[in-house]
Amino acid sequence: MYPKLSINLKKLEDNLNAVAAITKRGGCSLMIVTKGLCADHEMVKMIAANENVDFVADSRVKNIATFADVVRGAGKKTVLLRIPMHCEVADVIKHVDLSFNSELSTIRLLNEEAGKAGKKHDILLMIDMGDLREGIFFKNEDLIFGAVEEILAMENINLYGIGVNLTCYGAIIPKYDNLNGLVEIGRKIEDKFGIKLSMISGGNSSSIYLIDKGELPEGINNLRLGEAFILGNDTAYETKLPGTVDDTLILKAQIVELKEKPSLPIGEVGVDAFGEKPYYEDRGIMQRAIIAIGKQDADLGSMTPCDERIEIMGGSSDHIILDVTKCAGDYKVGDVVEFKLGYGGLLKAATSAYVEREYVR
Ligand SMILES: *Cc1c(COP(=O)(O)O)cnc(C)c1O
């Protein structure tokens with residue numbers, strides 16, 4: 001059945017090994033992030049079995065619950081990237097080995113819950129180095145030290161390390177200076193409290209480019225990679241990482257109508273199905289194909305037809321309209337059109353219950 005997301009596990013594993021080689025060259029442990037594909041179970045099994053992977057992470061506890069057994073069974077830790085909600089701390093303690101945190105009220109609840117479960121729970125304290133998403137702001141050292149002091153006194157919480165997230169909200173690019181600032185905060189914590197932090201996590205797919213430039217500061221010993229592994233992207237400067245491919249995932253949709261029509265709609269122009277005023281270019285008479293997939297399952301700005309002669313014209317919830325004029329009659333109703341995906345496109349397709357999956361091994 002279509003639409004279908006084709007997941008090439010062999011190519012994904014090749015990509016994983018390529019980014020692992022870079023990461024290990026940089027002296028970092030490797031945390032692979034599964035949220036881009038909603039923790040697809042076949043993909044997670046491959047990741048858990050790969051010897052280059054040290055941690056398997058996701059932003060959602062629901063996803064981690066589906067794979068905690070597989071990952072722990074392979075001797076690896078599960079990691080929760082999004083700072084936990086108060087309402088989910090019991091599930092965090094159950095399924096997650098290491099959670100990212102920035103709020104003492106939440107860490108106190110985790111401590112309580114871990115105590116009830118008779119467990120010791122690892123946390124990574126997030127420091128905000130300027131991207132302005134999660135973390136204690138780096139200039140507020142008193143707040144950082146105060147948090148560390150209280151955490152160290154907790155019976156059931158282990159301060160595993162500190163981390164930073166960049167290039168997400170504020171689009172701030174990781175550089176030697178901001179990452180070294182994190183390392184310095186780590187050193188101050190270690191000196192002040194006489195402890196050793198196991199992990200100083202230096203960011204996501206936007207940090208990996210620093211390794212081959214020789215600019216990843218000493219002391220950063222972990223990276224968390226999602227997009228770099230799935231799509232081969234360095235997300236700081238949008239370059240391709242050596243040894244990776246960008247077609248590990250292909251979205252396939254079936255043509256349900258193919259007709260010759262004008263390029264300009266006829267009648268008074270109002271707003272489209274999403275309340276937006278459309279723009280039309282007059283291309284004369286065109287060959288227009290409709291595929292049975294829409295904005296509910298796809299991100300039109302984050303998908304590229306594999307056949308370069310095809311252009312995406314637009315779409316609504318359940319339909320996408322393609323200009324196939326240049327295809328010289330190569331397509332007919334019932335044919336399948338294939339697309340490469342960007343991160344937004346794959347997130348949408350992986351999240352939609354209407355998109356089937358197939359695996360290439
Ligand atoms: C999503 C996420 C990652 C992975 O990001 P990519 O750009 O896909 O590598 C890493 N860390 C945190 C905290 C995240 O939320």
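1. Glu141 is partly exposed, at 24% relative accessibility. In this predicted model, Glu141 forms a salt bridge with Lys188, and the closest N and O atoms are 2.8 Å apart. Lys188 belongs to helix α7 (residues 176–193) and Glu141 to helix α6 (residues 141–152), so the salt bridge ties together parts that are 47 residues apart in sequence. Lys188 is likewise partly exposed, with a relative accessible area of 39%.

2. Helix α7 also holds Glu190. Is Glu190 buried or exposed? Its relative accessible area is 10%, and because the limit for a buried residue is under 20%, Glu190 counts as buried. The side chain of Glu190 takes part in a polar contact of 2.9 Å with the side chain of Arg187. A polar atom of the Glu190 side chain also lies 2.7 Å from the backbone nitrogen of Leu197.

3. How many salt bridges does a search of the whole structure find? The search finds 27. Side chains of opposite charge can pair when their charged atoms come close. One of the salt bridges joins the side chains of Glu358 and Lys4, at 3.2 Å from N to O. This pair links distant parts of the chain: Lys4 is in strand β1 (residues 4–8) and Glu358 in strand β19 (residues 356–360), 354 residues apart.

4. The two partners of that pair fall into separate classes of accessibility. Glu358 is partly exposed, with 22% relative accessibility, whereas Lys4 is buried, with 14%. The cut-off explains the labels: buried means under 20%, so a value of 14% qualifies and a value of 22% does not. Lys4 and Glu358 also belong to a network of salt bridges that links them with Lys252 and Glu338.

5. A further salt bridge is formed by Glu281 and Arg283, with the closest N and O atoms 3.5 Å apart. Glu281 is partly exposed, at 43% relative accessibility. Arg283 is partly exposed as well, at 29% relative accessibility.

6. The ligand deserves a separate point. Which residues surround the ligand? They are Val33, Lys35, Leu81, Arg133, Glu134, Asn165, Asn204, Ser205, Arg224, Leu225, Gly226 and Glu227. By class, this shell consists of three nonpolar, four polar and five charged residues.

7. Several contacts of the ligand can be described at the level of atoms. An oxygen atom of the ligand lies 2.5 Å from an N or O atom in the side chain of Ser205. For Lys35, an N or O atom of the side chain is 2.8 Å from an oxygen atom of the ligand. With Glu227, the partner is a polar backbone atom, which is 2.8 Å from an oxygen atom of the ligand. On its own, the ligand has 390 Å² of accessible area, and the protein covers 93% of this area.

8. The final point concerns the surface. Which residues form a nonpolar patch there? Leu132, Phe137 and Tyr169 do, and together they have about 340 Å² of accessible area. Leu132 is found in the loop between β6 (121–128) and β7 (136–137). With a relative accessible area of 52%, Leu132 is exposed, because the class of exposed residues begins over 50%.

Methods: Residues are numbered from 1 along each chain as its sequence is written. This is a predicted model: local features need pLDDT of at least 70, side-chain atom pairs count only at pLDDT 80 or more; totals for chains, interfaces and linings use all residues. Side-chain values use heavy atoms; hydrogens and water are left out. A residue is near a molecule or strand if one of its heavy atoms lies within 4 Å of it. A polar contact is a pair of N or O atoms within 3.5 Å; within protein, one must be able to donate a hydrogen and the other to accept it, and residues adjacent in sequence count only if both atoms are side-chain atoms. Accessible areas come from the Shrake-Rupley method with a 1.4 Å probe; for residues, only the protein chains shown count as cover. Ala, Val, Leu, Ile, Met, Phe, Trp, Tyr, Cys and Pro count as nonpolar, Asp, Glu, Lys and Arg as charged, and the others, Gly among them, as polar. Patches are made of residues with over 30% relative accessible area and no salt bridge: like charges are joined within 9 Å, nonpolar side chains (Val, Leu, Ile, Met, Phe, Trp, Tyr) within 5 Å. A salt bridge is a side-chain nitrogen of Lys or Arg within 4 Å of a carboxyl oxygen of Asp or Glu. Helices (H or I, at least four residues) and strands (E, at least two) are DSSP runs, numbered from the N terminus. Buried means under 20% relative accessible area, exposed over 50%, partly exposed in between (1.4 Å probe, protein chains only).
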